[in-house]
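Me: I should like to learn how the features of a protein model are read, one after another. Could we begin once the structure is in view?

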Amino acid sequence: MKKRIYLDNAATTSVLPEVFESMRPFFTENYANASAVYTFGQEARQAMDSARAVIAKTLNARPSEIYFTAGGSESDNWALKAVAEKLSDKGKHIITTKIEHHAILHTCEYLEEHGFEVTYLTPDSDGIISADAVEAAIRPDTILISVMTANNEIGTIEPIAKIGAVAKKHGVIFHTDAVQAYAHIPMDVQAMNIDLLSASGHKFHGPKGIGFLYVREDVKIGPLIHGGAQERNRRAGTSNIPGIVGMAKAAEVVTACMEETMSRQQELRNYLIDRLVNEIPHTTVNGSVEHRLPANVNVCFDFVEGETVLILLDQAGICASAGSACTSGSLEPSHVLLSLGVNQELAHGSLRISMGEDTTKEDLDFVVDKLKEIIPRLRKMSPAYQDYLSNIAGK
Ligand SMILES: *Cc1c(COP(=O)(O)O)cnc(C)c1O
């Protein structure tokens, strides 16, 4: 069988074996409804309570501030819609950024259709949103600021603690989509003044279809999903005990060795960036290298189509991405790259490589070697590249 090199961990990750094992009993032996009164149900309830405590501890939050959801998209929808609804008497202005995930951007568009006004901040060319820019956008009727902790395409890490301080100073609620950051870099909701935080299990080696929203105790929002009394009346639906247990196990295992993973991946990331930029001409890195997730590399190859590169990499057993999983296939250039000021043409030639726990230097060397075949081959067929060559020859 051909070897597969999986380098799309920003799209989703593998479930760790110990995570899978922690979930198994809650499918087979103890499948009880955690809301039931009998002991069998109470055992499931206890597993959920300890999972909540484990997750709260990783964020410096209280267990009662963690609400389980069906993933990052639900958490983002809930945070934005519920805060908007709750505070619409106070004001109808929301501040976010142009580089958010579609779970935020499309929710903001929905809110705009319902009478809210949204300011979309443009990042600098490195992909960073400054706290000053956030502060300058605050108005008397601003009710919510939502800025992602780390970007899913270019991996840039935003100055969340500074933005949190600005929000607090002005008495505005602060939400952060931390789906790419949680369990990958240190997060502390107290130190960073975060009021609401979204996370998703499958982005840190937990299962899919489970996530959580942290809601600071004094932020009183209503539910998004109406029904039963689960999650303290704020999120109805029979509790997904295997998912909850698995997500907490993943959080525990991954955060326990976070510092170690970060430094190993940072080294691999910088090695890969250096090789790509030095060995393949006309390659540029998208987003700040300094303020960047340890596992993310995002580059543009001039004169090539990102989609074609992905297909040829796939033929070599390599899984990578052109941007986010959600925009690929649409042939639209990434909204993130465009907002950094990358031109349309170049934005079409982007490649995102996102490493996992098990990525090795050998994997990356294999990728670079393949790209060193693929990129020149595609450029040979590119009219734009031929024009470029004749232009410099004519000078
Ligand atoms: C993956 C992702 C989401 C969506 O999470 P799901 O659990 O897949 O719904 C939201 N925001 C960011 C930044 C993401 O990377």
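Me: Which residues have the most contacts inside the largest nonpolar core?

Reply: Please bear in mind that this is a predicted model. A nonpolar core is a set of buried nonpolar residues joined through side-chain atoms within 4.5 Å. Here the largest such core has 67 residues, and Leu59, Ile145, Leu197 and Phe212 have the most contacts inside it. Helix H8 gives the most to this core, with eight residues. The core draws at least three residues from each of domain 1 and domain 2.

Me: What does Phe212 touch, not counting residues up to four places away in sequence?

Reply: Phe212 touches Ile55, Leu59, Ile66, Tyr67, Phe68, Thr69, Ser75, Tyr182, Leu197, Ser198, Ala199 and Met247. Apart from the largest core lies another one, of 30 residues, including Leu272, Ile273, Leu310 and Leu312.

Me: How is the chain divided into domains?

Reply: The division gives domain 1, made of 5-12 together with 258-393, and domain 2, which covers 17-256. Their centres, taken over C-alpha atoms, are separated by 29 Å. Across the boundary, 28 residues of domain 1 are in contact with 34 residues of domain 2.

Me: How should one read a helix, and which residues of H8 are buried?

Reply: An α-helix has 3.6 residues a turn, so residues three or four places apart point the same way. Helix H8 spans residues 241-256, and its 16 residues reach 22 Å from first C-alpha to last, close to the 22 Å expected. Its buried residues are Ile241, Pro242, Gly243, Ile244, Val245, Gly246, Met247, Ala248, Ala250, Ala251 and Val254.

Me: Against which elements do the buried residues of H8 pack?

Reply: Their partners are helices H1 (17-23), H2 (39-59) and H9 (258-279), along with strands S2 (66-69) and S8 (211-215). At the start of H8, the backbone nitrogen of Gly243 has a side-chain oxygen of Asn240 within 2.9 Å.

Me: Which residues of helix H10 are buried, by comparison?

Reply: In H10, residues 306-315, the buried residues are Gly306, Val309, Leu310, Leu312 and Leu313. They pack against strand S11 (318-319), strand S12 (350-354) and helix H13 (361-380). After H10 comes Gly317, with a positive phi near 85 degrees.

Me: What is the general rule for the sign of phi, and where is Ala183 found?

Reply: Most residues other than glycine have a negative phi. Ala183 has a positive phi, near 75 degrees, and is not a glycine. Ala183 is found in the loop between strand S6 (173-177) and strand S7 (196-200).

Me: Is Ala183 buried or exposed?

Reply: A residue counts as buried when its relative accessible area is under 20%. Ala183 is at 4%, and therefore counts as buried. Asn233 also has a positive phi, of about 70 degrees, although it is not a glycine. Asn233 is found in helix H7, residues 230-233. The cut-off for exposed is over 50%, and Asn233 counts as exposed because its relative accessibility is 55%.

Me: How should one read a single buried residue in a strand, and where does Tyr67 lie?

Reply: One may take its accessibility, then its contacts. Tyr67 lies in strand S2, and it counts as buried because its relative accessible area is 5%. Leaving aside neighbours within four places in sequence, Tyr67 is in contact with Arg52, Trp78, Gly211, Phe212, Leu213, Val215, Glu231, Arg232 and Arg234. With Arg234 there is a polar contact between side chains, at 2.6 Å. The C-alpha atoms of Tyr67 and His335, 268 residues apart along the chain, are separated by 30 Å.

Me: With which residues is Ser200 in contact, leaving aside neighbours within four places in sequence?

Reply: Ser200 is in contact with Gly71, Gly72, Val179, Ile210 and Gly211. Ser200 is found in strand S7 and, at 4% relative accessibility, counts as buried.

Me: How many disulfides does a search of the whole structure find?

Reply: The search finds zero disulfides. As for individual cysteines, Cys108 is buried, with a relative accessible area of 0%, whereas Cys257 counts as partly exposed at 24% relative accessibility.

Note on methods
Residues are numbered from 1 along each chain as its sequence is written. This is a predicted model: local features need pLDDT of at least 70, side-chain atom pairs count only at pLDDT 80 or more; totals for chains, interfaces and linings use all residues. Side-chain values use heavy atoms; hydrogens and water are left out. Helices (H or I, at least four residues) and strands (E, at least two) are DSSP runs, numbered from the N terminus. The expected span of a helix is 1.5 Å times one less than its number of residues. Buried means under 20% relative accessible area, exposed over 50%, partly exposed in between (1.4 Å probe, protein chains only). Contact means heavy atoms within 4.5 Å. A polar contact is a pair of N or O atoms within 3.5 Å; within protein, one must be able to donate a hydrogen and the other to accept it, and residues adjacent in sequence count only if both atoms are side-chain atoms. Domain bounds come from an automatic or database domain assignment. A disulfide is a pair of cysteine sulfur atoms within 2.5 Å.
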